[in-house]
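Student: I have a new structure to read. Where do I begin?
Tutor: Let us open it and go feature by feature.

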Amino acid sequence: MSVQRALLAAVALLRVTAQAAGVSGTAFGFATGTTGGGNAAAAAPSDIAQLTEWLTDSIPRVILIDKEFNYLGSEGKCFNCKCCVPDSNTCGSSGQNAIALASSSWCGTYPTTTCTYDKAALEGINVSSHKSIVGVGSAGVIRGRGLRLANGVSNVIIQNIHITDLNPQYIWGGDAITLDGTDQIWIDHVKISLIGRQMFVAGFDSSGRVTISNSEFDGRTSWSASCDGHHYWTILGYGKNDKVTFTGNYIHHTSGRSPRLEFDNYWHVYNNYWFSNTGHAFDVGEGTNALIEGNVFDQVKTPLLTPGKTFAVSSSDMSTCNSMLGRSCSANTLTTSGTLSASDQSVLSSFPSGGSRFNLLDAGRVKSSVLSNAGIGKLRRSRASKKKDRQYAGITPSVPASSAAGSGASPTGPPPQFSWTTIVVKPTPLPSGPPARPQGS
Ligand SMILES: *[C@@H]1O[C@H](CO)[C@@H](O)[C@H](O)[C@H]1NC(C)=O
């Protein structure tokens, strides 16, 4: 190795070390420019009280989730409280009953019953602006409580964490990630499982510019509203004027709302992998402009329930894309699935171009790419990051080849020799808001 080359490698390693604790990569798609806690020193809270404090205060922060933070029991339980048995529950204890919240009339005339549930999950933690919430390796778990970003919160990154165990037995048991009146939110490499209600919800208030990438929506459950071990309440996009980039995600073992979209917003949905959906994937209501391209639907019973304003790219649409978008598109592919047919060209003529540049994969490469990249603990396996690292460091990492194609299992093998993939090439300053302050008391 020449001196110059060795020096280059050493500098690269130093930078890797310096950035290892923070956010990997940079926000892209509609959430381009999102910097979260920016250059604030990364730190790990010691317990749930400190995590809650750091999430809700007004200081820009890079918060490391380096272990499981367990909120179960933190607000106590509701014992033998009022629930109801909705018509959908035809299978008793393997279905979902619903919590009869005082604030909601959802239960209507359904037969009442009693249930015991954890209180902390009912309301997410109110996250403030300018936060990066970043899991370390595959250790970052928030159990028993979700995250709620609302009322003007902006510039938040949620990366590489697993949110789980929000009263999965019960409808209204809790939502994992809620947006309701936000801007510039990047959700990346997040895993969500065992949730009572929505895995992701954008409420009626505008959520602005959002990117949801490389995340895993794992619908496997023992309490299924569709009585078949699949989760129904998956992704809900209701925000007015929302612009959402949804890409690289793995949505599996669900049975509905994957996603349900409505009310004057734009969703660019590309290069995602749906697997084993016993109900519907897209349910697009009035006002939503959905551009769906280069995705793979594998064993999805109903890829599109209602089309709203939707353009789902098929192989015959290439010239339409070129003439109306000024670029080529990528066709969706479907195997052992229902049909996906929607060609409302008004979507193409009105689609905002703010999504910046993006890499559109041919659908033939989507399944293996998504299975090896989506979810928690996969950051160092990201193909793009590895390539970037190699270019940057000028050396070839000894990472075992991914064996993820087709299996969905995490690749095994010896850990890579170095921490390769957490290079932030160009740290960007906070766009606005309070300046970063030093950490500590
Ligand atoms: C979050 O903020 C809302 C106001 O937007 C408030 O009603 C709610 O109680 C807060 N939730 C928690 C858990 O603090």
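**Disulfides, sheet, ligand, helix**

Tutor: Start with the disulfides: with bonded cysteines counted along the chain, they follow the pattern 1-2, 3-7, 4-6, 5-8, 9-10. Keep in mind that this is a predicted model.

Student: What is a disulfide, in general?

Tutor: It is a covalent bond between the sulfur atoms of two cysteines.

Student: How many disulfides does the structure hold?

Tutor: It holds five. One of them joins C78 to C81, with an S to S distance of 1.8 Å. Its angle about the S-S bond is -90°, and the link is left-handed. Both C78 and C81 are buried.

Student: Which cysteine is joined to C84?

Tutor: C107 is the partner, and the S to S distance is 2.1 Å. This link is left-handed too, with -75° about the S-S bond. The pair ties distant parts of the chain together, 23 residues apart. C84 sits in strand β4 (residues 77-84), while C107 is in the loop between β5 and β6.

Student: Are C84 and C107 buried or exposed?

Tutor: Use the cut-off: buried means under 20% relative accessible area. C84 has 1%, so C84 is buried. C107 has 10%, so C107 counts as buried as well.

Student: How far apart are the sulfur atoms of C321 and C329?

Tutor: They are 1.9 Å apart, and the two cysteines form a disulfide. The link is left-handed, with -100° about the S-S bond. Apply the cut-off again. C321 counts as buried because its relative accessibility is 0%. C329 has a relative accessible area of 9%, so C329 is buried.

Student: Now the sheet. What is the order of its strands?

Tutor: For a sheet, read the order, then the edges, then each pairing. Here the order is β6-β4-β5-β12, in an open sheet of four strands with mixed pairing. The edge strands are β6 (112-118) and β12 (170-171), each pairing on one side only.

Student: In which sense do β4 and β6 run, and how many bridges join them?

Tutor: They run antiparallel, and six bridges join them. Look for C84 here: C84 stands opposite T112 in β6. You met C84 before, in the disulfide with C107.

Student: How many bridges join β4 to β5?

Tutor: Two, and these strands run antiparallel. C83 has I99 in β5 as its bridge partner.

Student: In which sense do β5 and β12 pair, parallel or antiparallel?

Tutor: Parallel, over two bridges, with β5 covering residues 97-99. N97 has Y170 in β12 as its bridge partner. That completes the walk across the sheet.

Student: Next, the ligand. Which residues are around it?

Tutor: First list the neighbours, then look at their character, then at single contacts. The residues around the ligand are E123, G124, N126, R145, R148 and N151. This shell divides into three polar, three charged and no nonpolar residues.

Student: Which ligand atoms do the polar side-chain atoms approach?

Tutor: Take three cases in turn. A polar side-chain atom of E123 lies 2.9 Å from a nitrogen atom of the ligand. For N126, a side-chain N or O atom is 2.4 Å from an oxygen atom of the ligand. For R148, a polar side-chain atom lies 3.4 Å from a ligand oxygen atom.

Student: How much of the ligand's accessible area does the protein cover?

Tutor: The ligand has 360 Å² on its own, and the protein covers 48% of that.

Student: And where does H130 lie?

Tutor: H130 lies in the loop between β7 (125-126) and β8 (131-135). A loop residue still needs the burial check. H130 has 7% relative accessibility, so H130 counts as buried. The side chains of H130 and N155 are joined by a polar contact of 3.0 Å.

Student: Last, a helix. Why do residues three or four places apart point the same way in an α-helix?

Tutor: An α-helix has 3.6 residues a turn, so residues three or four places apart point the same way.

Student: How many residues of helix α5 are buried?

Tutor: Six of its eight residues are buried, so to read α5 (residues 366-373), call it mostly covered. The buried residues are V366, S369, V370, L371, S372 and N373.

Student: What is the phi of G375?

Tutor: It is positive, near 105°, and G375 follows α5.

Methods:
Residues numbered from 1 in each chain as written. Predicted model: local features only at pLDDT ≥ 70, side-chain atom pairs only at ≥ 80, totals over all residues. Heavy atoms only, no water. Pairing = 2+ DSSP bridges. Near = heavy atom within 4 Å. Polar contact = N/O pair within 3.5 Å; in protein donor to acceptor, adjacent residues only side chain to side chain. Areas by Shrake-Rupley, 256 points an atom, 1.4 Å probe, with all protein chains shown as cover. Nonpolar A, V, L, I, M, F, W, Y, C, P; charged D, E, K, R; others polar. Buried < 20%, exposed > 50% of the residue type's maximum accessible area, 1.4 Å probe, protein only. Disulfide = S-S within 2.5 Å.
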